[in-house]
Amino acid sequence: MNKFIKSLGLVSTIALLAACNNDDGATDNDTGDDEEAVSNETGGNVNLAVWGSSPAETNALEETISSFEEETGIEVELEIIQDNFQDAMTARFAANNAPDVFYLEAFAAPMFMESGVLENLSGEIDDVDDFFDPLIDVFRSGEDELYAVPKDYSTLALYVNEDILEAAGYSVEDIPRDWDDLLAFADELQDNLEDDQAAMLFDSSLARHYSAFINNGLDPAGEEGSADFTSNPEVIDYFQSIIDGKEAGYMQNPQIDMGIDSAGAAFGANRAAMMMEGNWVISALDQEYSDLNYAVIESPTINGEEQSMTFSVGYAVSKDSENRDEAISFINYMTNAGLKQWSELSGTLPPRGSIADEMNLFDNPVLAPHVLAAEYGTVWSSGESLPVVSAAFDNYFQAAINGNMTVEEALQAAEDEANAELDRR
């Protein structure tokens, strides 16, 4: 579910999709309370386009679709796109051959909503208030119209290797809640670790630190769509703390400093005491590192406020769908009556609070920190400029990590490059 879309492809998509949309008017949803739901008597079909995923997730989707078909009599034609999903969707819209329903990342949602190619789902989705607010709100337009419905999500949390902590003379209860205090603890912890171990792993991409910007009072994508990495000194201090930690050795990047492909692999191999990762690592940790003793706690607070990053995917309906009612019926089923089945089979987190309760996720010591973060996390999404802003940040912050630029130089260069690119577009 964390299939990140290439930045430049997303930016160019908006112009093409807008050109493909011949109807400038808003969608009129005159669906009174007496409108009958699509049922066994009506039949029909829906074309669903998704990206390739793990066999387990594909099987889970197919089983839940089968339950929907038995319940409604509506047939679902599943199309799994193995190549670049964004390019495929762009081509389909350009050819006026878009699927009825398709996966839509929160990251891409602003551009699709602005392009006018999505069906307005306002008033069509059952029990909207049951969704975690950040997950449903990210698919709303500035006019509060709903254009997609979350199917699942992931959040970041702090993973702790209990054996490493114990060997160093600490326990999970010793870990501070605040970011600055956590770094001080990591610095202290490093002195008690083996030479090949790090107190904490870090990721350098903006997707992992966007919530830190927000909690420091700065939206790097800017209210007017321009990049802003430098106007808040607290933001600069935050990123400087990462560089300071790397230089001191208590913060390490798995690829750069350890030659290991992923944080999960480094953590599982007992190379790190702590890492901030998404719930997508749980399956691999449990299966590939079954002897690992680890705990999960919520991400550290910043400026005394809870924060985490949230990554979400929704179901969207093409505006020109000839099977609109069936498509909406499908989404309602997958995000309500069929949501528990989908979540249990796929191992993903349900975006509805009631389903999380029903699955006892708030009582699960490993998953609860991730579910709690759904209530306050910053969703990886902003305006249409975010792909350009993100690409510039990732390029130049890497220069700061490598020691080729200071943090201030890197953030200023990223801001300048992003705004120059946005001006050209």
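This report walks through the overall make-up, two helix packings and some salt bridges of one chain.

**The chain at a glance**

Keep in mind that this is a predicted model. The chain's secondary structure adds up to 18 helices and ten strands. Out of its 425 residues, 57% count as buried. If you take the contacts between residues at least 6 apart in sequence, 75% of them join residues at least 24 apart.

**Helix α9 and its two partners**

Let's start with helix α9, which spans residues 233-248 and packs on helix α17, residues 386-401. The angle here is about 40°, and the axes sit 10 Å apart. That angle makes α9 oblique to α17, and the crossing of the two is right-handed. On the α9 side, the contact comes from Phe239, Ile242, Ile243 and Lys246. Helix α17 brings Phe393, Phe397, Ala400 and Ile401. Sorted by class, the residues of this contact are seven nonpolar, no polar and one charged.

Helix α8 (residues 206-215) also meets α9: their axes come within 9 Å and cross at roughly 140°. So α8 is oblique to α9 as well. This crossing is right-handed too. His209, Ala212 and Phe213 of α8 make the contact with Val235, Tyr238, Phe239 and Ile242 of α9. By class, that gives six nonpolar residues, one polar and no charged ones.

Which residues of α9 turn up in both places? Phe239 and Ile242 are listed in the contact with α17 and again in the contact with α8.

**Salt bridges**

Now for the charged side chains. Side chains of opposite charge can pair when their charged atoms come close. How many salt bridges does a search of the whole structure find? It finds 14. Here are three of them, with the N to O distance for each.

| Salt bridge | N to O distance |
|---|---|
| Glu124 and Arg324 | 2.6 Å |
| Asp130 and Arg352 | 3.4 Å |
| Arg425 and Glu421 | 2.6 Å |

Take the pair of Glu124 and Arg324, whose side chains meet in a salt bridge. Where do the two residues sit? Glu124 is in the loop between α4 (109-115) and α5 (133-137), while Arg324 belongs to helix α13 (residues 324-337). The pair links distant parts of the chain, with the two positions 200 residues apart. Both Glu124 and Arg324 are buried. They also belong to something wider, since a network of salt bridges links Glu119, Glu124, Arg324 and Asp325.

Next up is the salt bridge of Asp130 with Arg352. Asp130 lies in the loop between α4 and α5, and Arg352 in the loop between α14 (339-346) and α15 (353-358). This pair, too, links distant parts of the chain, at 222 residues apart. Buried or exposed? Both Asp130 and Arg352 are buried.

The last pair in the table is Arg425 with Glu421. Why does Arg425 count as partly exposed? Its relative accessibility is 47%, and partly exposed covers the range between the cut-offs of 20% and 50%. Glu421 has 18% relative accessibility, so Glu421 counts as buried.

Note on methods: Residues numbered from 1 in each chain as written. Predicted model: local features only at pLDDT ≥ 70, side-chain atom pairs only at ≥ 80, totals over all residues. Heavy atoms only, no water. Axes fitted to C-alpha atoms, helices over the stretch in contact; angles between N-to-C directions. Helix = DSSP H or I, 4+ residues; strand = E, 2+ residues; numbered from the N terminus. Parallel < 35°, antiparallel > 145°, perpendicular 65-115°, else oblique. Left-handed = near helix turned anticlockwise from the far one by under 90°. Contact = heavy atoms within 4.5 Å. Nonpolar A, V, L, I, M, F, W, Y, C, P; charged D, E, K, R; others polar. Salt bridge = Lys/Arg side-chain N within 4 Å of Asp/Glu carboxyl O. Buried < 20%, exposed > 50% of the residue type's maximum accessible area, 1.4 Å probe, protein only.
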